[in-house]
Amino acid sequence: MNRILVVEDEKNIRESLETCLSEKYEVRTAVSAEDALGIMITGVPDLLITDLRLPGMSGIDLLKKFREMSPTGPVIIITAFSSIQNAVEAMKAGADEYIPKPFSLEEIEIKTANLLSIRKLNDEKEFYASEKDAVFGELIGTSPSMQLVKQELCKVAHSEATVLITGETGTGKELVAYTLHKLSGKKGPFVPVHCAAYAKGVIESELFGHEKGAFTGADRQRKGKIEYADQGTLFLDEVGDIPPDIQVKLLRVLENRTFERVGSNRLISSTARVVCATNRNLEKMIQEGTFREDLYYRINVFPVTIPPLRERRGDIMPLAGYFASKKGSYTIDRIGAGLLASYAWPGNVRELQNIIERAAILAEDGVLRIDDALGRINNADGRAVQENVGGLEAAVESLEKKMISDALKACGNNQSRTAAALKINRTTLQYKIQKYGL
């Protein structure tokens, strides 16, 4: 819960603000700046609301002290002595809002909620830009859709909620699951199980383990992946391929946190956090009777959808550069960049990685041969590659249009936020919107 400090010497106003805000926030009050500083020593509030004129130290001086403790903490200045000069002085000192008296409590509520929401977004951006961003490792992407994925992972990381990751083949679902595991700080291991890789008679033993003599060939006791994942994360990739009879046992693990090895009646407790992934339509499978509806609701507590690469084209070059750096000192020329930007990427990030690896083999003078690498795909399996992309300018414009369209959707068509996300000014954005008919 966000903490708010209200500094106001008028009792009626102070108590009204406390009553109004305490329904949603932890509110403390002070009658002077000196009292407020004493409170801040025990814990800096997330938001400061202060009168401009206070007995003793002024609200402006208190604001400056607060800024030393919290450079980005939002501040609302309230005053009965409103003037342009006072407003300018308050804003220069770092106030986010300047509200003259009398004011409505509804106005205070709205501005408080907005400022705390903005701070949360800024804190998340700083998180991604800081050294902590290293936890995302190979989960590369600054497009609005990938930023949303990272934000969702941060929100759910420290809970025990079951997560269902969906996305096309090659989008990096296992990497997202592993990133979630790292963010969670769990002491146990990350244990992946590729459900589609096991035959029906094998996956039960693989998940739950078995006792000696449980079946032909079981010459010793064996722990299953659920047991190995204790205090860690169990990742069930392609969960839609688990047979119906095994789905029942998995449901028991999720409901009761217990399971039995094959050939045993002894219950074993599990503390593993379960993360699932699929590229299949589980809701359709429920209708077809091949996937249990109750299991679906158990694994889909917190859904995370990974966008296909064609819908986040702004991430293509950073990803290509990363994969190229793993192969050596290579560069991608402008023609190659245009081809990468215009290609459809049916195989998503995995296909991009393969293309860069192939281009590194064909490289000349340290320049990746993207055209040859893509051409070999076309020659090998007949997949359509855009050989005539209309030139580099057309490819760049296509990429730019897609990036702007994605950013507008992610920002709710708010042009100011979109311009900030794309790091361009609003006038340029408006010109581009008109140019591309967005």
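Thr 418 counts as buried in this predicted model, with a relative accessibility of 0%. You will find Thr 418 in helix 18, which covers residues 415-422. Leaving aside residues up to four places away in sequence, Thr 418 touches Ala 407, Leu 408, Cys 411 and Leu 429.

One of those contacts, Cys 411, is a good place to go next. Cys 411 is buried too, because its relative accessibility is 10% and the buried class takes in values under 20%. Does its sulfur have a partner, and if not, why is Cys 411 too far for a bond? The closest cysteine sulfur belongs to Cys 154 and lies 18 Å away, whereas a disulfide calls for two sulfur atoms within 2.5 Å.

Cys 195 tells a similar story. Its relative accessible area is 1%, so Cys 195 is buried. The closest cysteine sulfur to that of Cys 195 is in Cys 276, at 7.6 Å, and this is too far for a bond. With the 2.5 Å cut-off, the count of disulfides comes to 0.

Now let us turn to the sheet. What is the order of its strands? This open sheet has 5 strands, arranged 7-10-13-6-14, and their pairing is parallel. Strand 7 (190-194) and strand 14 (302-305) form the edges, each pairing on one side only. From one strand to the next, the twist averages 20°.

Inside that order, take a look at strand 10 (residues 233-237) and strand 13 (residues 273-278), which pair in the parallel sense over 5 bridges. Asp 237 has Ala 277 of strand 13 as its bridge partner. Helix 6, made of residues 144-156, lies across strand 6 (163-166), strand 13 and strand 14. Relative to strand 14, helix 6 runs at about 155°.

Our last stop is a pocket. The second largest pocket holds about 440 Å³ of space. Which residues lie nearest its centre? They are Gly 170, Thr 171, Gly 172, Lys 173 and Arg 350, out of a lining of 22 residues. Helix 7 (173-184), helix 13 (316-325) and helix 15 (348-361) are the elements that give two or more residues to this lining.

Note on methods. Residues numbered from 1 in each chain as written. Predicted model: local features only at pLDDT ≥ 70, side-chain atom pairs only at ≥ 80, totals over all residues. Heavy atoms only, no water. Pairing = 2+ DSSP bridges. Helix = DSSP H or I, 4+ residues; strand = E, 2+ residues; numbered from the N terminus. Axes fitted to C-alpha atoms, helices over the stretch in contact; angles between N-to-C directions. Contact = heavy atoms within 4.5 Å. Buried < 20%, exposed > 50% of the residue type's maximum accessible area, 1.4 Å probe, protein only. 1 Å grid on protein atoms, 1.4 Å probe; cavity = no way out; pocket = protein on both sides within 12 Å on 5 of 7 lines; lining within 4 Å. Points joined across faces, edges and corners; volume = space filled by probe spheres on them.
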